[in-house]
Amino acid sequence: MIVAERKPLEEIKEMIAGYKRILIVGCGTCVTICWAGGEKEVGILSSQLRLAFGKDGNELLTSEVTIERQCEREMVEELRDKVQEVEAILSLGCGAGVQTIAEVFEETPVYPALNTKFVGMPEREGVWVETCRACGDCLLGETGGICPVVRCAKGLLNGPCGGTKRGKCEVDPEKDCAWTLIYRRLEKQGRLDLMRKYYPPRNFQAVTRPGKVEALQA
Ligand code: SF4
Ligand code: SF4
């Protein structure tokens, strides 16, 4: 999932200063799950902004809506009637969502209320961690499903550095050494021979930027 977090209220307020009618749009997928941009967060931000504007003696009219996915044009189209009634849009989607809305409604300014952080998963309630850097050349099949590109502080591909100590990382002793985790996982699977495999340097051309994927035809 894409993990994001809300920008500070002051920053959002500054972005939309000068507008009187805005549409606040949530996204019902990744950012709902990471408590950043779902229906609840839209409601909270809307109230906070109205209060903050009111305190400064300014009136702000907000309308609120949450669509299933902001990164799909067809779903963004559902907003057309509401967009006609406002001066600007505040999106609580990830960067892809904001850009899709901006593309569909080119004549209306769109502002991001979130900072998109990474591709990750929940570690425990209320905490998400990065698990994939979208490197374009996945090697999880040979590392026991643990990504060294992201989870090793140095992104090492051929076993641990000399600094690993009692299974912890030298860069952050609070964190497990990724290569110790990989070793233990492969041990459980009876695949420790993979620890001897040599991985050549990453192919940084596996993903050119901007990335593009075309589905394989059946
Ligand atoms: S190897 Fe690359 S694609 Fe696979 S999980 Fe790690 S960063 Fe993501
Ligand atoms: S201690 Fe382990 S996780 Fe930390 S940088 Fe070295 S190999 Fe990577």
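**Notebook: a predicted model with two ligands**

I began at Cys 94, which sits in the loop between β4 and α6; helices here are DSSP runs of H or I with at least four residues, strands are runs of E with at least two, and both are numbered from the N terminus. This is a predicted model, in which local features need pLDDT of at least 70 and side-chain atom pairs count only at pLDDT 80 or more, while totals for chains, interfaces and linings use all residues. Residues are numbered from 1 along each chain as its sequence is written, with chains lettered from A and ligands numbered from 1 in the order in which they are written.

**Entry on Cys 94 and the core**

I noted that Cys 94 counts as buried because it has 27 C-beta neighbours inside 10 Å; the scheme calls a residue buried at 20 or more other C-beta atoms within 10 Å of its own, exposed at 12 or fewer, and partly exposed in between, with C-beta atoms placed from the backbone. Leaving aside neighbours within four places in sequence, I found Cys 94 in contact (C-beta atoms within 7 Å) with Ile 2, Ala 4, Cys 30, Val 31, Leu 114 and Thr 116. The C-alpha atoms of Cys 94 and Lys 117 are 8.8 Å apart, although 23 residues separate them along the chain.

I then looked up the largest nonpolar core, a set of buried Ala, Val, Leu, Ile, Met, Phe, Trp, Tyr and Cys residues joined through C-beta atoms within 7 Å, and it has 31 residues, with Ala 4, Ile 24, Val 31, Ile 89 and Leu 92 having the most contacts inside it. Among the elements that each supply at least two residues of this core are β1 (2–6), α3 (39–55) and α6 (95–104), while β2 gives the most, with five residues. Apart from this core lies another of eight residues, among them Ile 146, Cys 152, Ala 178 and Trp 179.

**Entry on the ligands**

For ligand 1 I listed the surrounding residues, those with a C-beta atom within 6 Å of it, and they include Cys 132, Cys 135, Cys 138 and Cys 147. By class, this shell has nine nonpolar, no polar and one charged residue, where Ala, Val, Leu, Ile, Met, Phe, Trp, Tyr, Cys and Pro count as nonpolar, Asp, Glu, Lys and Arg as charged, and the others, Gly among them, as polar. Ligand 2 is surrounded by 14 residues, of which the closest are Cys 152, Cys 161, Thr 164, Cys 169 and Cys 177, and its shell holds ten nonpolar, two polar and two charged residues.

**Entry on overall layout**

I looked up the domain assignment, automatic or from a database, and it gives domain 1 (2–118) and domain 2 (135–196), with C-alpha centres 39 Å apart. The C-alpha trace spans about 65 × 45 × 25 Å along its principal axes, and 27% of the 218 residues count as buried.

**Entry on backbone geometry**

Most residues other than glycine have a negative phi, and most peptide bonds are trans. I therefore checked the exceptions: Trp 35, in the loop between α2 and α3, has a positive phi near 60 degrees and counts as partly exposed, with 15 C-beta neighbours inside 10 Å. Arg 166, in the loop between α7 (148–151) and α8, has a positive phi of about 45 degrees and is exposed, with 7 other C-beta atoms within 10 Å. A cis peptide bond, with omega about -5 degrees, joins Arg 209 and Pro 210, and Pro 210 lies in the segment after α8.

Conventions
Two residues are in contact if their C-beta atoms, placed from the backbone, lie within 7 Å.
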